Amino acid sequence: MEPTLESPVSPKLSVSDGSALETKRLSAWFGDHHVVKDISLVVQKNDVFSLIGPSGCGKSTFIRCLNRLHEETDGASVSGEVLIPGAGRRDNIYASGVDPVSIRRRVGMVFQKPNPFPGLSIFDNVAAGLRLAGVMRRNILDEVVEMSLIQAALWTEVKDKLKKPGTSLSGGQQQRLCIARALAVKPQILLMDEPTSALDPISTARIEELVMKLRNDVTVLIVTHNMQQAARISNQTAFFLMGELVEVGPTKSIFTKPKDTRTEQYITGRFG
Amino acid sequence: MIELSIRDGRRKMVNYFSLAVLCALAFAAIAPLFFIFAYLLLRGWGGLSWSFFTEIPRPVGESGGGMANAITGSLVLMGLSSALGVPLGLACGMALSELKKTRTAKALRIAIDLLTSVPSIVIGLFAYALVVVPLKGYSAWAGGFALAIVMVPIVARSTEEILKLVPSAVHEAGLALGLPRWKVLMRLILPGVRTGITTGILLALARVSGETAPLLFTAFSNSFGFRGLSSPIASMPVQIYTYATSHDETWRQLAWTGALVLVFVVFLLNLVTRILTRRKI
């Protein structure tokens, strides 16, 4: 049939409007060990989406599938779909021919332990992503580094010592440096894998504050062991147990009236 | 109580005795080093003079002369071998750390370990067949090539060990920025470990600066100073070997002084690596 002007046939977009990310029957393995089982969920744009659950429930592996970092581990494998608008190949990041490198530009990540590049200055740490992608203009780099450090609430503390090594900062500052580094390449989505578990309470509070501000610019998925943290900063929460998604919904209702008894048991501290 | 304290005394005695034995054995093990150094100082010090470093050797029977030809020769050979051996060794080391536990990596690791234990005279033969024969003559090229083969496994293994110390989280941080693996390694990991890698290179240099066997029928020797890379070239170890086995008293003195200088250079290289490694990687 010829497409008419009234109803132009556009390529069917698999991702629905307003969603930042969608997984369809996503599974992940380490060798024979099935650690993420058939997860389907949707994350809306500008959500702060928290993933909670006991250790070893697969939540970290799950988010490592969302920037195709899981597959970098020996013996790791993935099945299912992850849809991210604009990722190409009708937007499934696991479609054949999609380059994981291009996905990781769209989906940034902050890790459990602060991991600045050793031997690189504060400036060079933040500039690394852009510079190695070919951005060489000094004024652009200056601007992006400053913007990213301001976004990461670190600028005032480091603006006079940008040439000092990134590793010379305190743990909490290093973690904010890593956030600035991830933001510098302007990702659509920011994955955070227990970003405060290695930090003291004051540094933790600063990062939580920061995450709540970031939601204006980027969609955040955050794995946390700390249920108060999930309750404080996220608007959507998913509860994982033994690789399965038990329950997902607005954070408020997950914490006040969970539908599943296992969720209730976990958030009331009866296991995990 | 009494019985216990007697046993206690005995235990302490045994302890002191074993400690004394261990110390004596440890001293016996390192004693040769001191003897070598002391003896070299004794025999070689007298020959140290400005002309030792600036003059080429004189014909048999004439007194005076120096080892300038061997010193520049050794420097040229070390430069040549580094130019070839360092990039190759670095590449091997990076490949090993990237390939981790794959079959290729295991095979490569075994090959490199075997290369470490190949007698250096055999490496000399290999360079003879591969470079000297086709070029129809001894040359600096051939000597540099042979020494490079000695360097490769040392640089490769030390590079691998240093890269292993970098947490995988740093690697992942680079990947998560949307950078290809090779860029992460070359531009983000390597700058952070340059001190460690330099250490490995210096150790390899210290090792080849004293190698004699691979040079005997590759670089050969020459008593006139530098004549180009395609000509035979002198080197400290080979010169020492030749002069030490000669009957000329002046030459034998040169050999002693040369040995002293060579040992001092190797000692210095090792000291520098020590200082570099003490600073954090």
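**View 1. Three strands of chain A form an open sheet in the order β2-β1-β4.** Welcome to this predicted model; we start with the three-stranded sheet, where the pairing is antiparallel. On its edges lie β2 (33–44) and β4 (76–83) of chain A, each of them paired on one side only. From one strand to the next, the twist averages 10°. To follow one pairing in detail, take β1 (residues 19–30) of chain A, which meets β2(A) in the antiparallel sense over eight bridges. A handy place to begin is Ser19(A), whose bridge partner in β2(A) is Gln44(A).

**View 2. Helix α1 of chain A packs on the three-stranded sheet.** Which strands does helix α1 (residues 59–66) of chain A touch? The helix is in contact with β1, β2 and β4 of chain A. If you like to check angles, compare the directions of α1(A) and β1(A): they make about 120° with each other.

**View 3. A second open sheet in chain A is built from six strands.** Reading across, the order is β5-β6-β7-β3-β8-β9, and the pairing is mixed. Why is one side of β5 (107–110) and of β9 (244–250) of chain A left without a neighbour in the sheet? Both strands stand at the edges with a single partner strand each, so one side of each has no neighbour there. Neighbouring strands of this six-stranded sheet are turned by 15° against each other on average, with direction ignored.

**View 4. Strands β3 and β7 of chain A run parallel within the six-stranded sheet.** Here four bridges link β3 (residues 48–52) of chain A with β7 (residues 219–223) of chain A. Look for Val48(A), which stands opposite Val220(A) in β7(A).

**View 5. Strands β8 and β9 of chain A form a hairpin.** Strand β8 (residues 236–241) of chain A runs antiparallel to β9(A), and six bridges join the two. On the β8 side you can pick out Ala238(A), with Val248(A) as its bridge partner in β9(A). Two residues lie between the strands of this hairpin, and Met242(A) takes a positive phi near 50°.

**View 6. Chain B meets chain A in a contact that takes 19 residues from chain B and 25 residues from chain A.** How much area do the two chains bury between them? The value is about 1900 Å², and 64% of it is on carbon and sulfur atoms. Three residues deserve a closer look on the chain B side: Ala176(B), Leu177(B) and Leu188(B) supply 30% of the area that chain B buries against chain A, more than any other three residues.

**View 7. A salt bridge joins Arg64(A) and Glu172(B) across the interface.** The side chains of this pair come to 2.5 Å, N to O. In total, the rule finds two salt bridges across the interface of chain B and chain A. Polar contacts between these chains number five residue pairs, with both residues at pLDDT 80 or more. Which elements give two or more residues to the side of chain B that touches chain A? They are α7 (168–176) and α8 (181–189) of chain B. Helix α7(B) makes the largest contribution to that side, seven residues. Sorted by class, the same side of chain B has 10 nonpolar, three polar and six charged residues.

Notes:
Residues numbered from 1 in each chain as written. Chains lettered and ligands numbered in written order. Predicted model: local features only at pLDDT ≥ 70, side-chain atom pairs only at ≥ 80, totals over all residues. Heavy atoms only, no water. Contact = heavy atoms within 4.5 Å. Buried area = accessible area lost by both parts, 1.4 Å probe. Salt bridge = Lys/Arg side-chain N within 4 Å of Asp/Glu carboxyl O. Polar contact = N/O pair within 3.5 Å; in protein donor to acceptor, adjacent residues only side chain to side chain. Nonpolar A, V, L, I, M, F, W, Y, C, P; charged D, E, K, R; others polar. Pairing = 2+ DSSP bridges. Axes fitted to C-alpha atoms, helices over the stretch in contact; angles between N-to-C directions.
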